[in-house]
Amino acid sequence: MAAVAWGRCLPRVWLLRRTGPGCGRHYRAALCAELKHPLAIEEVASRPVRPHEVRVDVHFCGVNFADILVCRGQYQEKPQLPFTPGMEFSGTVLETGTDVSTVKEGDRVIGVSRFNGMAEECIIDHKTLWQIPEGVPLREAATLPVSYVTAILALEHRACTRPGETVLVTAAAGATGLAVIDVATNVLQAKVIAAAGSDEKCRLAMRKGAQSIVNYSQGSLKEAVRKLVGSDGVNVVIDAVGGDVFLEALRSLAWEGRIVVVGFAGGTIASVPANLLLLKNVSAMGLYWGRYKEQNFPVFSRILSSALQYCQQGRIQPHIGAVFKLEEVNDAFLHVIQRKSMGKLWQRPRKMCYVASEEKYRCPRVVACVRQQQQN
């Protein structure tokens, strides 16, 4: 999975225009007015903040494949039309509600929103904002909520990865895959086998810290892993592909190994052969990032805070795949769908935006639909 954010240097006219809080101002936003159609950049009227809310001047917003799916009506959550996509962003606080004491005007923050981040400003509940530590750039901070929280949840919270264990990650050149490599190698001190679908993506995964690489477009993933680690297998698998890749990764597990499903980039959801779980006493589990935010917010918040700390300490190095202007949001979506992106991609509200490759959700049927839209 992958996305990047927007960053900008505002001309003075924008700074002057944005000095006064409240109504009467307008800002640009990417709007989905009709499902399965390209987004439009339109002027939107600002509204007053409620007591518990914060208005943020958005600098970077991640482009995740979930944003593409929600704009096609194919995501688990279905916002009411029209809406603005964008799940993760960074920026500076413009205004706070009367009940807010956790942040103040001028603070640098990252936020996790329900599809409203692809705009020049965003109003959000103060509970879903985190202050960015000194020394962490806004662009890098914006990569953390989706990709790195997913990686840490999968490796630490679900798989309980221990130092010295071997981790196999599929879709390794996507934003989530690269985050898994980064966290497993540099935080957890595990060994990583990175599996991807091209030599170029494998080389990127190796540069980002993987000890071994496998191009699963060239043969059996299971046999390639066996050559690397022998018949014992790997301790942990983080799978974002599904289908046959998931099944081969499952068969590559060691005794009491753990496999965590984080997505289905291949477009096929495999059935789990329960006998394989029994024979090696292995565990198969899932990870849905968004449910932690809703069902176990303390864990979500703690892990995002840890990601910020790791970034401040220099223990993780987010990879930025590409940057697009806000008005190029449809090009950014296509960039993700066509699997051109590696690492995180982002969008910038005024000047640029960056996009992330969301390998874990990609579906060939969606690719064809979006290509048709572009041609039309």
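pLDDT is the predictor's confidence in each residue, on a scale from 0 to 100, and contact here means heavy atoms within 4.5 Å. With that in hand, welcome to this predicted model. The protein averages a pLDDT of 86, and 84% of the residues score at least 70. Below you will find the parts to treat with care, then a helix, a set of parallel strands and some backbone features.

**Confidence along the chain**

- The average pLDDT is 86, yet over residues 1-20 the pLDDT is below 50.
- Residues 1-20 still have 113 contacts in the model beyond near neighbours in sequence.
- A second stretch, residues 351-376, has pLDDT under 50 throughout, and the model gives this stretch 141 contacts beyond four places in sequence.
- Where pLDDT is low, the predicted coordinates should not be read in detail.

**Helix α11 and S301**

- Helix α11 covers residues 297-313. With 17 residues, α11 reaches 24 Å from its first C-alpha to its last, close to the 24 Å expected at 1.5 Å a residue.
- The buried residues of α11 are V299, F300, S301, I303, L304, S306, A307, L308, Y310 and C311.
- These buried residues pack against two strands, β5 (108-112) and β7 (129-131), and against the helices α3 (138-141), α4 (144-158) and α10 (289-295).
- S301 has a relative accessible area of 18%, so S301 counts as buried, the cut-off being under 20%.
- The side chain of S301 makes a polar contact of 3.1 Å with the side chain of W130.
- After α11 comes G314, whose phi is positive, near 80°.

**Strand β8 and its partners**

- Strand β8 spans residues 166-169. T166 and L168 point one way from β8, while V167 and V169 point the other way; all four of these residues are buried.
- β8 runs parallel to strand β9 (residues 191-196), and four bridges join the two.
- β8 also runs parallel to strand β11 (residues 234-239), here with three bridges.
- V167 is a handy residue to follow in the viewer: V167 stands opposite V192 in β9, and its bridge partner in β11 is V236.
- Together with helix α5 (residues 175-186), β8 and β9 make a right-handed β-α-β unit.

**Backbone features to look at**

- Most residues other than glycine have a negative phi, and most peptide bonds are trans.
- The peptide bond from L81 to P82 is cis, with omega near -15°. P82 is found in the loop between α2 (65-70) and β4 (88-96).
- K36 has a positive phi, near 70°, in a residue other than glycine. K36 has its place in the loop between β1 (26-31) and β2 (40-45).
- F115 is not a glycine either, and has a positive phi of about 60°. F115 is found in the loop between β5 and β6 (121-125).
- Which of the labels buried, partly exposed or exposed fits K36, and which fits F115? K36 is partly exposed, because its relative accessible area is 44%, a value between the 20% and 50% cut-offs. F115 is buried, because its relative accessibility is 5%, under the 20% cut-off.

How values were computed: Residues are numbered from 1 along each chain as its sequence is written. Side-chain values use heavy atoms; hydrogens and water are left out. Buried means under 20% relative accessible area, exposed over 50%, partly exposed in between (1.4 Å probe, protein chains only). A polar contact is a pair of N or O atoms within 3.5 Å; within protein, one must be able to donate a hydrogen and the other to accept it, and residues adjacent in sequence count only if both atoms are side-chain atoms. The expected span of a helix is 1.5 Å times one less than its number of residues. Two strands pair if DSSP finds at least two bridges between them. A crossover is right-handed if, with the strands pointing away from the viewer, the path from the first strand over the helix to the second runs clockwise.
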